[in-house]
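Work through the exercises below with the sequence and the 3D structure open. Each task is followed by a solution in steps.

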Amino acid sequence: MQTFRLLKISFAKCCIVSAIVAALLTTMVHPAFAAASVPPAPSMIHVDNKLLGTADVVTVTGLAPGDTVRVYTDGGTAVALGSAVVSGGAHSVAIAINQLGVAAGHIYVTATQPTYSESRRIVKSYLAEPLSVAPAASSIRVTNKPTGTNDTVAVLGLQAGDLIKVYADASKTASLGSATAVSGSVDGTVVAIGQLGAADGILYVAVTEPGKRESRATEKAYVGEALSAQPQLGQIRIVNELSGTNDRVIVTGLRAGDVLKVYRSEQAATPITQATAASGSDTADAILSQLGLVEGSIYVTITSPPLQESLRVAKQFRPEPISTSPSPGMIVVINEPTGTADRIEWSGLATGDVVKVYEDAVSTSVIGTVTVDSASAKATVSIAQLGKQAGHVYVTVTSSGKGESARVIKAFAAELATDAPNRSAIQIHNTVGTADTITFTGLLSGDTVKVYTDDASAVSIGSAVVEAGASSAIVEVALPGIGFGIIYMTITDPQEVESARTAKIYPAEPLTLPLSASQLRITNAAGAVDQDELTAIAIKPGDTIKVYADAVTATPMQTLLGSDASASVSIGATTATISNLQLAGGGGRVYVTKTSPGKRESSRTVKVYEAE
C-alpha cells in the first residue's frame, strides 16, 4: 500500500512538471492565446437531407468572407464530415456531405474567423429524408378476376410521376407489380399482377413520389375470385340403383358448359364423378359405380366458367330399394325326427319372391332357398337336418326389383322336445345374497330342470335332477341383481330333448322398512369425547342399525374406536345403541339405516341433532 501511494505522488509531480513545460513552450511560440470565433446561430444553419444517392447539403448564412465552416457528427470527434471557406463578397457557404442517413438526427457546426480560433460546436437537428405519403386504403381498388385473366390493383388520387408498387407482404420483400402514374387517368393508376388466387387475401401497396422515399405499405384486403352459384337442393336428383347397376346424380337448371362435380365428403379433395352440361342442354348427368346399400349424403358443386367452383351442397340419398323382411309370425319351422327332412314354410309371399335360409346372421352360405311360383303365395324349403336341439335360422326375402331384405331370426324347437314347464308349478324365492332357490313340482324321476337368464343363452345358471321316487326338484341359483326380473326354465325328459323355455317373473329381494326419525335418540355430550351416542327404539331382535355421515357415502361413519358405527338388537330387546360416535360440537345431521334379518338394508333416515 505504501508503495502504491509513492507511485501516485510521483505521477502527480510528473503531470505538474509537464504542464509547466507546455505552458513555457506556448508562451515562447505564441505570446498570447487567440480569441475563439463566434459560432453560427442555429437559425443560420439549414440542413437539406436528400434522398440516398444524392449528397446532403448544410448551408450556413450570416458569415463573412474568409470564414471557415466545419460540420461534425458529434460534439467530440476530431474529423469533420465536411468544411468550406466563405468566398470573397459572399456571406454564406454550402457544404456537401456524402449522406447523413435516412432518419432524422443531429450535426455539430463550427465557424472559424481569420486570426480567431475555432468556435464551440453548435448542435443542429435535421429532418429525415422526405417520405412519400402512403395511399389511403379507400383509394385502392383490387379486382380479383377468374383464372386466366390478370388481376389488377388501381390506386386513385396520385400525381403524374408517382410510382406505385404492390407487394405480397408487409415487409415489402415480395413485389407483385408496379406502375407509374400519368396525368389525366380517370381510373387511377392500374397495376397488373398476374393472379392473386381464388381465395380471399391481403396485399400491400406503397407509393414513391418524385424526390421522396417510398411510403409505408398500406394493407388492403381483397375478396376471392367470384364463385359459381350453388345448386339448389330441388335441382339435384339422386338415383340409387340396385347393386351392380350404376347410380346417377342429375342436376337441372344449368347452362351449357357448366361442370357438375360430386364428392364423397365435405373435405374430399377429389370428386368421385363429374359431368358437363352439353350444348343446348340444361342438365348434367354424372354416373358413378355405387353410392352404397344404405342411405347417406353426397356433396355437389357447379363450376360455371370462368367462375370458380361453387360451395358444396350436401344432398341426402335414400338406400337402395330393399325388400320387406318377412314377419316371424308368417314362418313355421318343423324340426322332424332324424331321417326326415326338416321344413320351413312361409305364407303371405308374392309371385317371384325368392326366400333364402341361413344358419346365422353373417354367413354368406345359403342352407336352403326357393322361389314362389304363380300358383301359390306360400313357399316351403326342405333342409336335410336342422339338428336335434332347439336353435335358430335366419330368413330373407328378395322381391322383384329390390334388394335382399334384412335377415329375420326364427327360433325352432328341438326334436321330440319335452313339454315346457308350467309356470304355476314353479316357485321362486329371491333372498338377500346369493342363496336363491327355485322349486319345481309335478316332475318325474330323472327329469332335468335348468334355469337360464334369457331366451337365447346357451349356458344355464343352475340345474337339478329329480331323484328316484320324487316329483319335485330345487335349483339353487344366484338371481341377477337385487330387483325383480325374468328367468327362463326348461325340463328335459331322459328320453327326449330339452323343452322350450318358460319365462317367469321373480320378485325383488325383500327390503327393510326405513326407521322413523322419531325412533332415533341422539346424545351429543358437552366436553366428553367418548359419550356421544345414538339409540334406535321400537325395533326387533336381530335388526341392525348403521349410521352414515351423508346420503351417498357407501361406508358407515367410524367410531372413536375405529370401528363402523353399527349395532344390532339383542334377543329379547327392542333397542340398539351405538356409542363412541364423533358428532360435531355445533350440531348437525346423520343418516341412519335398518337391516332386518333376511332383508336388504333400508333407505337412509335423516336425523338432526343439536349442538353440545
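The exercises cover pockets, strand pairing and unusual backbone geometry in this predicted model.

**Exercise 1. Pockets**

Task: State the volume of the largest pocket, and find which residues are closest to its centre.

Solution:
- Step 1. The volume of the largest pocket is about 390 Å³.
- Step 2. Its lining consists of 18 residues, and those closest to the centre are Ala390, Gly391, Phe412, Asp455 and Arg501.
- Step 3. Two strands, β27 (391-398) and β28 (408-412), each contribute at least two residues to this lining.
- Step 4. Sorted by class, the lining of the largest pocket holds nine nonpolar, six polar and three charged residues.

Task: Describe the second largest pocket by volume and by lining class.

Solution:
- Step 1. The second largest pocket encloses about 180 Å³.
- Step 2. It is lined by 15 residues, with Asp419, Pro421, Gly442, Leu443 and Ile491 closest to its centre.
- Step 3. Eight residues of this lining are nonpolar, four are polar and three are charged.

**Exercise 2. Strand pairing**

Task: Follow β37 (residues 533-536) to its pairing with β36 and with β40, and give the sense of each pairing.

Solution:
- Step 1. β36 (residues 520-523) pairs with β37 through four bridges, in the antiparallel sense.
- Step 2. In this pairing, threonine 523 is opposite glutamate 533 of β37.
- Step 3. β37 is also joined to β40 (residues 576-578) by three bridges, again antiparallel.
- Step 4. Here leucine 534 faces isoleucine 578 of β40.

**Exercise 3. Backbone exceptions**

Most residues other than glycine have a negative phi, and most peptide bonds are trans.

Task: Locate the cis peptide bond between proline 305 and proline 306.

Solution:
- Step 1. Omega of the bond joining proline 305 and proline 306 is about 5°, and the bond is cis.
- Step 2. Proline 306 sits in the loop between β20 (296-303) and β21 (313-317).

Task: Threonine 115 has a positive phi, and so does asparagine 580. Is threonine 115 buried or exposed, and is asparagine 580 buried or exposed?

Solution:
- Step 1. Phi of threonine 115, which is not a glycine, is about 75°. This residue belongs to the loop between β6 (105-112) and β7 (122-126).
- Step 2. The cut-off for exposed is over 50% relative accessible area. Threonine 115 has 73% relative accessibility and therefore counts as exposed.
- Step 3. Asparagine 580 has a phi near 55°, and its place is in the loop between β40 and β41 (588-595).
- Step 4. Buried means under 20%. Asparagine 580 counts as buried because its relative accessibility is 18%.

Notes: Residues are numbered from 1 along each chain as its sequence is written. This is a predicted model: local features need pLDDT of at least 70, side-chain atom pairs count only at pLDDT 80 or more; totals for chains, interfaces and linings use all residues. Side-chain values use heavy atoms; hydrogens and water are left out. On a 1 Å grid over the protein atoms alone, a cavity is a set of points where a 1.4 Å probe fits but cannot get out, and a pocket is an open set with protein on both sides within 12 Å along at least five of seven lines; lining residues have an atom within 4 Å of a point. Grid points are joined across faces, edges and corners, and a volume is the space filled by probe spheres set on the points. Ala, Val, Leu, Ile, Met, Phe, Trp, Tyr, Cys and Pro count as nonpolar, Asp, Glu, Lys and Arg as charged, and the others, Gly among them, as polar. Two strands pair if DSSP finds at least two bridges between them. Buried means under 20% relative accessible area, exposed over 50%, partly exposed in between (1.4 Å probe, protein chains only).
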